[in-house]
Amino acid sequence: MSAVRRIALCAVLVLLALPLRADDIDVRDARLRAVEDGLVLDADFDFELTPRLAEVVSGGVPLYFRVDFELTRRRWYWFDETTAAKRLQLRLSYHALSRQYRLSTGLLQQSFATLDEALNVLKRIRNWLVVDRTVSFSDADYEAAVRMRLDTTLLPKPFQLSALTSRELQLESPWKRFTVRSPQQLPAPVESREPRQADR
């Protein structure tokens, strides 16, 4: 074996021996629950911000995390059928005047004294409505999939360029897939017996 081949083989072996990078997101748990409005997703993620990302957000640049969900029905005779697809955006920011970290999605906003407190909430998705009760299911198994990633396209342009070449500005999980066995009919809506108040 030539010296060049030996060096190349050693380099490959070293890369294979390296542990998984700490800047990857791990989907620890994901499950669907039936509620009155449809199916909700509970998911737990595990990751740490790289020192560079922690510096970026502490410097006033917001970080946008995106959670994607898909529910598909496999068909042996044709392409898989997408039953539902949802996207959730979470914005993590720091406000120097209040010295607080903020986590927001839609109109909901929470404030935290430390970055760790904000990340602990960011890593736990609860009661996210991913399948509306109007969706009908066939008598078959479905495959659910969820992932989380840092949306680098929403970073300022200089950071977007840096993210192309630096792993320090990237965070992403692979798809976490799990089987949903023949989803049962969703619970019937609960009728309220309280009288409606007239509009004022």
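In this predicted model, A34 stands opposite L39 in strand 2. Strand 2 (residues 38-46) pairs with strand 1 in the antiparallel sense over 9 bridges; strands pair if DSSP finds at least two bridges between them. Helices (H or I, at least four residues) and strands (E, at least two) are DSSP runs numbered from the N terminus. As the model is a prediction, local features need pLDDT of at least 70 and side-chain atom pairs count only at pLDDT 80 or more, while totals for chains, interfaces and linings use all residues. Residues are numbered from 1 along each chain as its sequence is written, and side-chain values use heavy atoms, with hydrogens and water left out.

**Three-stranded sheet**
- An open, antiparallel sheet holds 3 strands in the order 1-2-7.
- Strand 1 (26-35) and strand 7 (124-132) are its edges, each pairing on one side only.
- Neighbouring strands of this sheet are turned by 25 degrees against each other on average, direction ignored.

**Six-stranded sheet**
- The order 6-5-4-3-8-9 describes an open sheet of 6 strands with antiparallel pairing.
- At its edges lie strand 6 (108-112) and strand 9 (176-180), each paired on one side only.
- From one strand to the next, the twist averages 20 degrees.
- Strand 3 (residues 63-73) pairs with strand 4 (residues 81-95) in the antiparallel sense over 11 bridges.
- F69 has K86 in strand 4 as its bridge partner.

**Helices on the six-stranded sheet**
- Helix 2 (residues 51-58) packs on the sheet and touches strand 3, strand 4, strand 5 (100-105) and strand 8 (142-150), contact meaning heavy atoms within 4.5 Å.
- The direction of helix 2 makes about 65 degrees with that of strand 4; axes are lines fitted to C-alpha atoms, for helices over the stretch in contact, and angles run from 0 to 180 degrees between N-to-C directions.
- Helix 3 (residues 115-122) also packs on the sheet, touching strands including strand 6, and its direction makes about 15 degrees with that of strand 5.
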